[in-house]
Amino acid sequence: MQWKGVMPAITTAFDAHLAVDHALVARHARWLAANGCSAIVCLGSLGEAATLTFDEKLAIVRTIVGAVSPGIPVVAAISALATSEAVALAEVVAKAGAQGLMILPPYVY
C-alpha cells in the first residue's frame with residue numbers, strides 16, 4: 001500500500017434503531033473512492049470506535065472492502081482497552097481485506 005493522496009476517516013452510519021447502516025456505509029465509501037480518495041479509513045478513533053462491538057467492527061470492514069475496488073485500500077483503526085482484543089481485531093480485519101491499520105492508544109486511562 002502506498003501512503004499518499006487523500007485518505008479520509010469515514011464515519012459510521014447508523015439507522016433509526018442504532019444499528020450500523022451497512023448500505024449507507026457502502027454507498028459513502030464508493031462515493032469517496034469515485035471522487036478521488038486514495039484509501040478509506042474506517043472504525044473511527046475517539047467517536048464511535050469506543051462503542052462498536054468487535055463483531056460490528058469486523059462487519060464494517062467487510063462492508064467497505066466489498067464496496068470499493070481492490071485498488072482502494074481500506075485502513076482499519078484498531079483501538080481497544082485490552083492488548084489481546086486489539087491484536088485479535090487487527091488479525092481478523094487483515095483477513096477480511098484491510099490493507100492497513102491505524103493503531104490507536106487505549107481510549108480510557
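Buried means under 20% relative accessible area, exposed means over 50%, and partly exposed lies in between, computed with a 1.4 Å probe on protein chains only. The model is predicted, so local features need pLDDT of at least 70 and side-chain atom pairs count only at pLDDT 80 or more, while totals for chains, interfaces and linings use all residues. Residues are numbered from 1 along each chain as its sequence is written, and side-chain values use heavy atoms, with hydrogens and water left out.

**Exercise 1. The sheet**

State the strand order of the sheet and find the strands at its edges.

Solution. Helices (H or I, at least four residues) and strands (E, at least two) are DSSP runs, numbered from the N terminus. Two strands pair if DSSP finds at least two bridges between them. The sheet is open, has 3 strands in the order 1-2-3, and its pairing is parallel. Strand 1 (40-42) and strand 3 (100-103) each have a single partner strand, so they stand at the edges and one side of each is left without a neighbour in the sheet. From one strand to the next the twist averages 25°.

Next, take the pairs. Strand 1 and strand 2 (residues 74-78) are joined in the parallel sense over 3 bridges. Within this pair, V41 stands opposite V75, and C42 has A76 as its bridge partner. Strand 2 and strand 3 run parallel and are joined by 4 bridges; here A77 has M102 as its bridge partner.

**Exercise 2. Strand 2 and its surroundings**

Determine how many residues of strand 2 are buried and which way they point.

Solution. In strand 2, 5 of the 5 residues are buried, so the strand is largely enclosed by the rest of the structure. In a regular strand the side chains alternate between the two faces of the sheet. Here V74, A76 and I78 point one way, and V75 and A77 point the other way.

Then place the helices, with contact meaning heavy atoms within 4.5 Å. Axes are lines fitted to C-alpha atoms, for helices over the stretch in contact, and angles run from 0 to 180 degrees between N-to-C directions. Helix 2 (residues 54-67) lies across strand 1 and strand 2, at about 165° to strand 1. Helix 3 (residues 83-95) packs on the sheet, where it touches strand 2 and strand 3, and its direction makes about 170° with that of strand 2.

Finally, the connection: strand 2, helix 3 and strand 3 form a right-handed β-α-β unit. Right-handed means that, with the strands pointing away from the viewer, the path from the first strand over the helix to the second runs clockwise.

**Exercise 3. T63**

Find the side chain that makes a polar contact with that of T63.

Solution. T63 is found in helix 2 and counts as buried, at 18% relative accessibility. Leaving out residues up to four places away in sequence, T63 touches H22, V25 and A26. The side chains of T63 and H22 are joined by a polar contact of 2.7 Å. Such a contact is a pair of N or O atoms within 3.5 Å; within protein, one must be able to donate a hydrogen and the other to accept it, and residues adjacent in sequence count only if both atoms are side-chain atoms.

**Exercise 4. Cysteines**

Count the disulfides and explain why C37 is not bonded to C42.

Solution. A disulfide is a pair of cysteine sulfur atoms within 2.5 Å. The whole structure holds 0 disulfides. The closest cysteine sulfur to that of C37 is in C42, 14 Å away, which is too far for a bond. C37 is buried, at 11% relative accessible area, and C42 is buried, at 1%.
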